[in-house]
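The following exercises ask the reader to work through one protein model step by step. Please study the sequence and the structure before reading each solution.

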Amino acid sequence: MGTTITLNEKFFERDAAAVAKDLLGGTILYRGKDGAHRYWITETEAYYHDEQDKRGKLICYGAGKSKSAAQSDVSAPLFSKPGTWCVYGGQLLLSVNDSVHSDNVLIKGIKDENGVTFKPDGIAKELHLYKTKPDYSDCHGKFSLCGCDVTLVEISVSSKYTCKSRIGIEEESKLNFELVEAE
């Protein structure tokens, strides 16, 4: 895939688009009741705290809130240390940059060991991100390198990816990144 880099908190203390690109090809380890499974990140999207849609509404998860106001909200992990998981509406996000702003990266596509690709709703079902018992994956608010149910274990930086606009967002920036597979 590319060059393997060391994962630590500093990896996430960067611009959201840089983190989103560098997560492509990275490995997620999911520990469920039927054992551990590896998934490779194939698509990401970057979101910035000050982005607005054409109606002026902030589009970043948790945007427009202060850190103290967000502490009682589902988006509170986005104000935690960079690299913290946030499960928001069944979607898997990571906080990036710093704890003042709620910039984040959405994991939009993963591929399993058999080559099956999962998009946001499929990711939520595959990694058991919905709050249903008995196999709910409790990674919300946990540091992504901590060894919880859903853990980032390796990043293999790839220089081969495409950039496109995010769905439903009118903008000039192309902040959706998708891994280009080797042929």
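**Exercise 1.** Determine whether S144 is buried or exposed, and describe its surroundings.

Solution. S144 has a relative accessible area of 0% and is therefore buried; buried means under 20% relative accessible area, exposed over 50%, and partly exposed in between, with a 1.4 Å probe and protein chains only. The residue is placed in the loop between α4 and β8 (150–157). Helices (H or I, at least four residues) and strands (E, at least two) are DSSP runs, numbered from the N terminus. Next, consider the contacts, meaning heavy atoms within 4.5 Å. Apart from neighbours within four places in sequence, S144 is in contact with F12, G83, T84, W85, L94, V150, T151 and L152. Finally, a polar atom of the S144 side chain lies 2.7 Å from the backbone oxygen of G83.

The model is predicted: local features need pLDDT of at least 70, side-chain atom pairs count only at pLDDT 80 or more, and totals for chains, interfaces and linings use all residues. Residues are numbered from 1 along each chain as its sequence is written, and side-chain values use heavy atoms, with hydrogens and water left out.

**Exercise 2.** State how many helices and strands the protein has, and give their order.

Solution. The protein has four helices and ten strands. Along the sequence they follow the pattern β-α-α-β-β-α-β-β-β-β-α-β-β-β.

**Exercise 3.** Describe how β2 and β3 are paired and joined.

Solution. Two strands pair if DSSP finds at least two bridges between them. Strand β2 (residues 27–32) and strand β3 (residues 35–47) pair in the antiparallel sense over six bridges. One bridge links G32 with G35 of β3. A hairpin of two residues joins β2 to β3.

**Exercise 4.** Identify the residues with the most contacts inside the largest nonpolar core.

Solution. A nonpolar core is a set of buried Ala, Val, Leu, Ile, Met, Phe, Trp, Tyr and Cys residues joined through side-chain atoms within 4.5 Å. The largest one has 36 residues, and L23 and W85 have the most contacts inside it. Helix α2 (residues 16–23) gives the most to this core, namely five residues. Beyond four places in sequence, L23 touches residues including F11, I41, V105 and L152. A second, separate core of twelve residues includes A70, L78, L93 and I169.

**Exercise 5.** Classify D121 by its relative accessibility.

Solution. D121 lies in helix α4 (residues 120–126). Its relative accessibility is 40%, so D121 counts as partly exposed.

Note on methods:
Polar contact = N/O pair within 3.5 Å; in protein donor to acceptor, adjacent residues only side chain to side chain.
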